Amino acid sequence: MTMTLTKSDPVKTLARPLEGKTALVTGSTSGIGLGIAEALAEAGATIVLNGLGDAQAIETTRTELADRHAVSAHFHGADLSKPEAVEEMIRFAQDEAGGVDILVNNAGIQYVAPIEEFPTVKWDAILAINLSSAFHTIRAVVAEMKAKGYGRIVNVASAHGLVASPFKSAYVAAKHGVVGLTKVVALESAESGVTCNAICPGYVWTPLVEKQIEDQAKAHGISREKVISDVLLKSQPNKQFATVEEIGALAVFLSSPAGASITGTALPVDGGWTAH
Ligand code: NAD
């Protein structure tokens with residue numbers, strides 16, 4: 001057997017490995033999702049943003065991201081708790097942005113309460129947004145990815161997809177579910193050029209965590225600093241928040257040709273938390 005190595009443009013290969021690909025990132029109007037969208041755009045991908053928020057602020061985010069990285073950027077405001085809205089968003093990505101080569105299921109919400117006081121509506125919303133929406137998006141795009149022979153699915157789970165903490169029954173259940181879903185999709189698509197992985201961040205400083213700091217400070221009657229050191233970063237051995245840029249860089253790596261053999265994994269980015 002002979003093999004030919006062809007040299008491609010080194011700048012394109014190294015600096016813009018995702019040129020020609022389209023990435024849909026759910027929950028990318030804020031926090032980790034926006035960080036991932038920035039990193040994928042920097043790597044050359046066309047971006048479809050999704051999320052909730054002020055329409056004018058989202059439009060500014062969209063145009064600035066497109067200009068900064070010289071890529072096309074689109075936005076669809078699907079409420080991911082509604083399966084029919086998810087389907088509409090996928091159709092939009094296919095019709096307006098050229099399909100979904102890279103799917104990042106990132107949108108998520110949190111609610112913290114002991115299980116006996118956990119509101120049923122919060123359980124339903126967390127399961128719908130943090131877990132079921134990933135089922136609906138994957139279900140809608142994976143056949144097209146398989147047909148193309150290339151696809152990257154990155155699910156943003158959590159350290160709470162691997163271990164538990166009290167008072168987060170819905171969140172921990174949903175994130176463990178995301179890790180399980182990741183493994184099944186990886187196995188089902190293993191021979192087709194499609195990979196599916198979960199990123200499992202520990203604490204990353206975003207609006208979602210900021211709200212937890214405020215809530216816990218009120219609930220325990222302690223300062224913000226004490227919540228950060230004694231509650232949040234207690235389990236995170238390096239005592240640092242992870243950054244959205246670190247999560248974005250990992251999503252780019254998984255999406256690039258270099259990530260071709262990584263599938264079915266749950267990758268902690270947690271400063272050692274799950275090494276305990
Ligand atoms: P965030 O609150 O900053 O962002 C959440 C995003 O999801 C926003 O864009 C929001 O508009 C969107 N969203 C929420 N509900 C939605 C809905 N119904 N439909 C569409 N979009 C919706 O939160 P974040 O901290 O960036 O979290 C992003 C993901 O990372 C979540 O899945 C979260 O569980 C996970 N995560 C976060 C941390 C952390 O420490 N921040 C740690 C582990 C995992």
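**View 1. Polar contacts between the ligand and the protein.** In this predicted model, an oxygen atom of the ligand is placed 2.8 Å from a polar backbone atom of Ile32, a polar contact being a pair of N or O atoms within 3.5 Å. A polar backbone atom of Gly27 is likewise 3.2 Å from an oxygen atom of the ligand, while a nitrogen atom of the ligand has a polar side-chain atom of Asp79 at 2.9 Å. Of the 830 Å² of accessible area that the ligand has on its own, the protein covers 93% (Shrake-Rupley method, 1.4 Å probe).

**View 2. The shell around the ligand.** Among the 30 residues around the ligand, those that come nearest are Ser30, Asn106, Tyr171, Val204 and Thr206, where near requires a heavy atom within 4 Å. The shell divides into 16 nonpolar, 12 polar and 2 charged residues, with Gly counted as polar and Asp, Glu, Lys and Arg as charged.

**View 3. Helices and domains at the ligand.** Helices H2 (31–42), H6 (169–188) and H7 (207–220) each supply at least two residues of the shell, and H7 gives the most, with 3 residues; helices are DSSP runs (H or I) of at least four residues, numbered from the N terminus. Because domain 1 (17–204 + 242–275) and domain 2 (205–241) both give residues to this shell, the ligand lies between them, the bounds coming from an automatic or database domain assignment.

**Notes.** Residues are numbered from 1 along each chain as its sequence is written, and side-chain values use heavy atoms, without hydrogens and water. Local features need pLDDT of at least 70 and side-chain atom pairs count only at pLDDT 80 or more, whereas totals for chains, interfaces and linings use all residues.

Key:
Polar contact = N/O pair within 3.5 Å; in protein donor to acceptor, adjacent residues only side chain to side chain.
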